Amino acid sequence: MELCQFEQAAKETLSKKRYEHTLAVARLSGELAETYGADVTAAKTAGLLHDIAKEIPADEQFTILKESGIINDTSLLLNQNVYHGITAFLTVPKRFSVTDPDVLNAIRYHTTGRRGMSLLEKIVYVADVVSYDRTYKEAKELRERAFYDLDGVLLEAVQFTIKKLVKQRLPIAFDSIDCYNELCERLSAQTK
Ligand SMILES: [Fe+2]
Ligand SMILES: [Fe+2]
């Protein structure tokens, strides 16, 4: 399948606002991929499909996740906001002929992050958080920084997500904690 077909699928599947967000994430993913020497088509594909499952009702996603047998972290199932990355990871290969594991993992981990993220996974995670449609105060500055400090922006984003979850008294996925710890270890080693 071609990028324009993924774009069309996103248009048909998602609300207008989420479709526009999807386009913004795909655009930034492509630009970051170009900057960091990653596969631009893979980055755009993951950007176009990262939220493709977000409007599937949570109970339906819960069933898909439960039945998949790939969830060994029960805290994941307590936070509906992270379902759609894993649901897309499970459904995208069936609905579209996407088989590249790096693309599928970039989709899967765009909500939680994880330890040992690939360059493509980081690009899509960061592009989602600082995409062109984001309007929060620091969005523009973080977006610009992402072009020269991908790990730094990734850490900021994971930090922000963890703080928000704590505030809402929602459980934090092990993958997010692992991701946070790894980035802290690496970035503090660099400053020593
Ligand atoms: Fe998402
Ligand atoms: Fe998104």
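Trainee: Which residues lie nearest the centre of the largest pocket?
Mentor: Keep in mind that this is a predicted model. The largest pocket holds about 1,100 Å³ of space, and 39 residues line it. Nearest its centre lie V129, R134, F160, T161 and K164.

Trainee: Which element gives the most to the lining of that pocket?
Mentor: The elements that give two or more residues to the lining are α2 (16-36), α5 (74-77), α8 (119-129), α9 (139-146) and α10 (150-167). With 8 residues, the one that gives the most is α10.

Trainee: And how many charged residues are in the lining of the largest pocket?
Mentor: Split the lining by class and you get 12 nonpolar and 13 polar residues. The remaining class, the charged one, comes to 14.

Trainee: What about closed spaces, so to speak: what volume does the largest cavity have?
Mentor: The count here is 1 cavity of 30 Å³ or more. Its lining is made up of L76, I86, R108, Y109, T112 and D175, which by class is 3 nonpolar, 1 polar and 2 charged residues. The volume is about 50 Å³.

Trainee: Let's turn to the metals. Which residues coordinate the iron ion (ligand 2)?
Mentor: Look for donors at 2.2 to 2.3 Å from the ion. Along the chain they follow the spacing H-x28-H-D-x76-D. The residues are H21, H50, D51 and D128.

Trainee: Why does the arrangement around the iron ion (ligand 2) get the label it has?
Mentor: Go by the angles that the 4 donor atoms subtend, which run from 81 to 177 degrees. A tetrahedral label would need all angles between 85 and 135 degrees. The angles at this ion make the arrangement irregular.

Trainee: Which residues coordinate the iron ion (ligand 1)?
Mentor: Here the donors sit at 2.1 to 2.2 Å. Their spacing along the chain is D-x32-H-x25-H. Those donors belong to D51, H84 and H110.

Trainee: D51 turned up for both ions. How far apart do the iron ion (ligand 1) and the iron ion (ligand 2) lie?
Mentor: D51 uses its side chain at both sites, with OD given as the donor for the iron ion (ligand 2) and for the iron ion (ligand 1). That makes D51 a bridge between the two ions, and the distance separating them is 3.5 Å.

Trainee: How many residues apart are D51 and H110?
Mentor: D51 is in the loop between α3 and α4, while H110 is in the loop between α7 (101-108) and α8. This pair of donors to the iron ion (ligand 1) links distant parts of the chain, and the separation in residues is 59.

Trainee: Is D51 buried or exposed?
Mentor: Buried means a relative accessible area under 20%. D51 has 2%. Two other donors, H21 at 8% and H110 at 3%, are also below that cut-off. So D51 is buried.

Trainee: Which residue's backbone nitrogen does the side chain of Q61 reach?
Mentor: Q61 is in helix α4 and counts as buried, at 3% relative accessibility. Its side chain comes to 3.2 Å from a backbone nitrogen. The partner is also a donor to the iron ion (ligand 1), namely H84.

Trainee: How far apart in space are Y132 and A24?
Mentor: Y132 lies in the loop between α8 and α9 and is partly exposed, with 30% relative accessibility. In sequence, Y132 and A24 are 108 residues apart. In space, C-alpha to C-alpha, the distance is 5.5 Å.

Trainee: How many residues apart in sequence are P57 and Q80?
Mentor: Find P57 in the loop between α3 and α4, where its relative accessible area of 40% makes it partly exposed. Its C-alpha is 9.8 Å from that of Q80. Along the sequence, the number of residues separating P57 and Q80 is 23.

Trainee: Last one: what is phi of R169 near?
Mentor: R169 sits in the loop between α10 and α11 (174-191), and it is exposed, with a relative accessible area of 78%. Its phi is positive, in a residue other than glycine, and the value is near 50 degrees.

Technical notes: Residues are numbered from 1 along each chain as its sequence is written. Chains are lettered from A and ligands numbered from 1 in the order in which they are written. This is a predicted model: local features need pLDDT of at least 70, side-chain atom pairs count only at pLDDT 80 or more; totals for chains, interfaces and linings use all residues. Side-chain values use heavy atoms; hydrogens and water are left out. On a 1 Å grid over the protein atoms alone, a cavity is a set of points where a 1.4 Å probe fits but cannot get out, and a pocket is an open set with protein on both sides within 12 Å along at least five of seven lines; lining residues have an atom within 4 Å of a point. Grid points are joined across faces, edges and corners, and a volume is the space filled by probe spheres set on the points. Ala, Val, Leu, Ile, Met, Phe, Trp, Tyr, Cys and Pro count as nonpolar, Asp, Glu, Lys and Arg as charged, and the others, Gly among them, as polar. Helices (H or I, at least four residues) and strands (E, at least two) are DSSP runs, numbered from the N terminus. Donors are N, O and S atoms within 2.8 Å of the metal (3.2 Å for Na, K and Ca); water is not among the atoms, so sites may look incomplete. Four donors count as tetrahedral if all angles lie between 85 and 135 degrees; four count as square planar and six as octahedral if opposite donors are over 155 degrees apart and all others between 65 and 115; anything else is irregular. Buried means under 20% relative accessible area, exposed over 50%, partly exposed in between (1.4 Å probe, protein chains only). A polar contact is a pair of N or O atoms within 3.5 Å; within protein, one must be able to donate a hydrogen and the other to accept it, and residues adjacent in sequence count only if both atoms are side-chain atoms.
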